[in-house]
Every structure is written in C-alpha cells, then in structure tokens.
Amino acid sequence: MSRLRSLFLLLPFLPASVALAAPLGEAEALRAAMDTHSSIESARSAMTAARGIQAEADFLLPGNPAIRVERTTDRWHHNNGAREWVAEISAPIWMPGQASGRQAVATAKLSEAGADVEAARWALAGAVRKAYWKAWETQELLKAAKARHDRTKALLAAAERQVKAKEMRELDARTIAGEVLADRQVIARRQGEYESALAVMTELTGLAPAAFGELQAPDPTSPPSQLAALVEETRPDLKALRSRLEGGRANVDLQEARALPNPELSLAIKRSSTDYDSTYDDSVILGIKMPIPVVNRNQREVMAAVADLGRNRAEYQLAVNKARRELAQAESGWRTAWRQWQDAEDALRLTSETLASIEKGFSAGEVSSIGLIQEKRRWGEAIESSSTAAAAVAIAKAAWEQAAGATSIPVQ
C-alpha cells in the first residue's frame, strides 16, 4: 500500500511522455488542440489589434496637437530694429458624436475579435471531435481485422491437423489458407486507414501519433425525445456575425459624424521688443480655425459603411437560415445513427452465435469450408458494422451539439 501511495504522489511530476502514454480521451484531445492550433493564435492576434484600436479611440483629441515657434525681425543683417517671438500650441477638437462614435466602433471591434476567438475554438472543437471518433473507428476496424485473421489462422491450424489425420479434404484446408491471405490484405488496408486518421489528429492537436495510444470507446447515447436549441443565441459563429453587424452600424454613425470638419483651437504667446528701448510687449492670443465645408466630406466612406452594413445584415440572415437547416439535419442524423447502431448490435450477437455453431460443425465435418468462410466473413462484417455504427452515433451527437452551439470546450 505504501508503494502505491508513493506512486500516486509522483504522478504529477512524471514527464509528459509518460503521462501521454495513458489512453487519450476526447477532452484531452480538445485541450491539446486549443493550446497549439494556429487558428486560435490567429484569432487572438486579431484581439490584440482590436485592443490597440480601443486604446487609440480613448485619446482625448481627434488628432495630434501641433507646436509653432516663430521669430520675426525687420533687420536680418544686424541687431537693430524690431523683434517678435511667438510660441503657439494648437489642437483639433471633437465635433458632436465623433468621440462617442469612434469609441463605439472600437468597442464593437473588440467584441467582434472576442467572438471570432470563440468561433474559432468552436469550429476547432467540432473538427477535433469528428476526427477523434473517426480515429477510434479505424482503430476498432483494425482490431476487428486482426481478430478475424487470428481466428482464421486458428481454423487453418485445426484444418491442417485434420488433413493429416485424413479427416478433412486438403482442398478445404487450402481454401482456409487463402482466407488467411485475404485477412492479411484487410489488415494492411485498415492499418493505412488508421494511420491516416492519426495524421489528421496529429495536425489538429499537435500531438505525436504515439501519444494517442488506446483511444477511449464512445458511450452511444440515444437522442432525447425533444431536441431544441436557439442557434441565434448559442452558436459562436452567429455571435461573431452579429457583433460584426453591430460594428457596421457603429461605423455608419461614425462616418456620418466625421462628415463635419474638426475645428482647431490655438493658444499663442507673443513678445515684441526693439533695440531702441529695453521694453517688452507681451500678449496672449486665443484663436479658433474652422474649416469651411465647401465640399461635402466623407460621402464615399459613408456610402461604403452603409454598403458593408447591408452586406453584413444579409450574411447574418443567410448564416441563421443555414444554422437552422444544419441543426435539423444533425437531429435527423443522430436519430438515424442510433437506430442503425441498435440494429448492428443485434446483428453482431446473432452472427457471433451462428459462427460458433458453424465452427463446431466444421470441426465435426458437418459444414464445408466454404460455408465456414462465408459465415466468418459475415461475422467480421458485423463487427465492423457495430464499430462503425458506434462511431457514427458519437459523430452524430457531436454534430448536433456543434450545430446547436453546445460543443463542450475545455476551459484553459
């Protein structure tokens, strides 16, 4: 007991390679993908840029202030005469609606960037879950192919003993030997499919193929009698489009406010003196410069913002309609996959019992090798169908959760 307690205490300090040797579950695959995939990093970079836009929008002035220093004299070739020094600072000021509009656009950009991050995580989670259960399916198909091969080899060994004992024809043993070669070909094909599925998982999660080990089997879940979801409120991709639509509205308001020219306030200090006396005349000058709106400014930007707003509104409505259709299709797919899995389980039980009876009959010489091979193939197909149907239920459930916006994403 003390040794086991010591081992448990050392588990948190084991190297990552040792920890990853354990079976990799769906949640671990999702967490690894969220930590390493480039799509998440790209979305986060956009959020960093949005924070910079927001910081700029909080500036007190619409532009940079300017400083002017000037010296004037009527005698450039000697020091006699009048002299004048001017120091001036000027800055543009906001017109009504410009500052608040700029801040509203910046806030919308930040909200849009955050929604894009969540949408990227949501899309990546759906891809990882589908790839995970596809990898599990190919793993189970490979196991089934190896089980068929082992079972056929055992039958071949028994048949060869019966041929030596003159209890079976040599042709029957040769038929079983041919089936062994066919099973090897199936194993090679299943191995290639399994490695391809692991390559997809490696790309999504950043983990080496050796890290996956034995994938956890799904627990096929039947769909509830009533499935419903408000996709407009739950799906991250629709939230991202909605935040983009809100940003478009704020941009229209900003561009309309920017059509008013920004006035410029100035404050100057002037000092005048001459060499004829030692007196100085100081004065303070407060001025304002107002551009004359001879040309209607910003019309191109206003029209472009209105066009973007209309395009964003249309894209959002199309995305909502598509999401509703995907949700209905996913619900139908989940129910269909569940029924097919139940049928596959019943077929597997029946073929397993039948194959056991036929193997006994073959050993007693009551069943031909052709009948045995045919039944063994049906048994192998039933195993494959059961594994494929179980994976299909898991994929269909993940697809419905993805369409409903209920994909479980691990918290980092």
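The exercises below, each with a worked solution, concern a predicted model of a single protein chain.

Residues are numbered from 1 along each chain as its sequence is written. Because the model is predicted, local features need pLDDT of at least 70 and side-chain atom pairs count only at pLDDT 80 or more, while totals for chains, interfaces and linings use all residues, and side-chain values use heavy atoms, with hydrogens and water left out.

**Exercise 1. The overall make-up of the chain**

State how many helices and strands the chain has, in what pattern they follow one another, and what share of the residues is buried.

Solution. Begin with the elements, which are DSSP runs numbered from the N terminus, a helix being H or I over at least four residues and a strand being E over at least two. Counted in this way, the chain holds 10 helices and four strands. Next, read them along the sequence, where the pattern is α-α-α-α-β-β-α-α-α-α-β-β-α-α. Finally, turn to accessibility, for which buried means under 20% relative accessible area, exposed over 50% and partly exposed in between, with a 1.4 Å probe and protein chains only. Of the 412 residues in the chain, 38% are buried.

**Exercise 2. Helix 5 and its packing against helices 6 and 8**

Describe how helix 5 packs against helix 6 and against helix 8, giving for each pair the angle, the axis distance, the handedness and the classes of the residues in contact.

Solution. Two packed helices are described by the angle between their axes and the distance between the axes. Here the axes are lines fitted to C-alpha atoms over the stretch in contact, and the angles run from 0 to 180 degrees between N-to-C directions.

Take helix 6 as the partner. Helix 5 (residues 98–164) packs against helix 6 at about 165°, and their axes lie 8 Å apart. Helix 5 and helix 6 are therefore roughly antiparallel, given that angles under 35 degrees count as roughly parallel, over 145 as roughly antiparallel, 65 to 115 as roughly perpendicular and the rest as oblique. Their crossing is left-handed, a term used if the near helix is turned anticlockwise from the far one by less than a right angle, whereas clockwise gives right-handed. The contact of helix 5 with helix 6 has 25 nonpolar, five polar and 10 charged residues, where Ala, Val, Leu, Ile, Met, Phe, Trp, Tyr, Cys and Pro count as nonpolar, Asp, Glu, Lys and Arg as charged, and the others, Gly among them, as polar.

Now take helix 8 (residues 236–258), which packs against helix 5 at an angle of about 165° with the axes 8 Å apart. That angle makes helix 5 roughly antiparallel to helix 8, and helix 5 passes helix 8 in a left-handed crossing. In this contact there are 11 nonpolar, six polar and nine charged residues.

**Exercise 3. Helix 6 and helix 10**

Work out which orientation helix 6 takes relative to helix 10, and place Leu181 within helix 6.

Solution. Helix 6 and helix 10 pack at about 20°, with 10 Å between their axes, and the two are therefore roughly parallel. Helix 6 passes helix 10 in a right-handed crossing. Leu181 has its place in helix 6, which spans residues 170–205, and this residue counts as partly exposed because its relative accessibility is 48%. Along the chain Leu181 and His149 are 32 residues apart, and their C-alpha atoms are separated by 8.6 Å.

**Exercise 4. Aromatic pairs and a charge over a ring**

Find how many aromatic pairs there are, and describe the geometry of Tyr132 with Trp133 and of Trp334 with Trp400.

Solution. Rings of Phe, Tyr and Trp (its six-membered ring) pair if their centres lie within 6.5 Å, and planes under 30 degrees apart count as stacked, over 60 as edge-to-face and the rest as tilted. By this rule there are three aromatic pairs. One of them joins Tyr132 and Trp133, an edge-to-face pair with 4.9 Å centre to centre and 90° between the planes. Tyr132 counts as buried because its relative accessibility is 1%, and Trp133 is buried as well, at 9%.

The rings of Trp334 and Trp400 have centres 6.0 Å apart and planes at 45°, so this pair is tilted. The pair links distant parts of the chain, with Trp334 in helix 9 (residues 299–363) and Trp400 in helix 10 (residues 369–404), 66 residues apart. Both Trp334 and Trp400 are buried, and their C-alpha atoms are 7.2 Å apart.

As a last step, consider Arg151, which lies over the face of Trp379 at 4.7 Å from the ring centre; a charge sits over a ring if NZ of Lys or CZ of Arg is within 6 Å of the ring centre and within 35 degrees of the ring normal.
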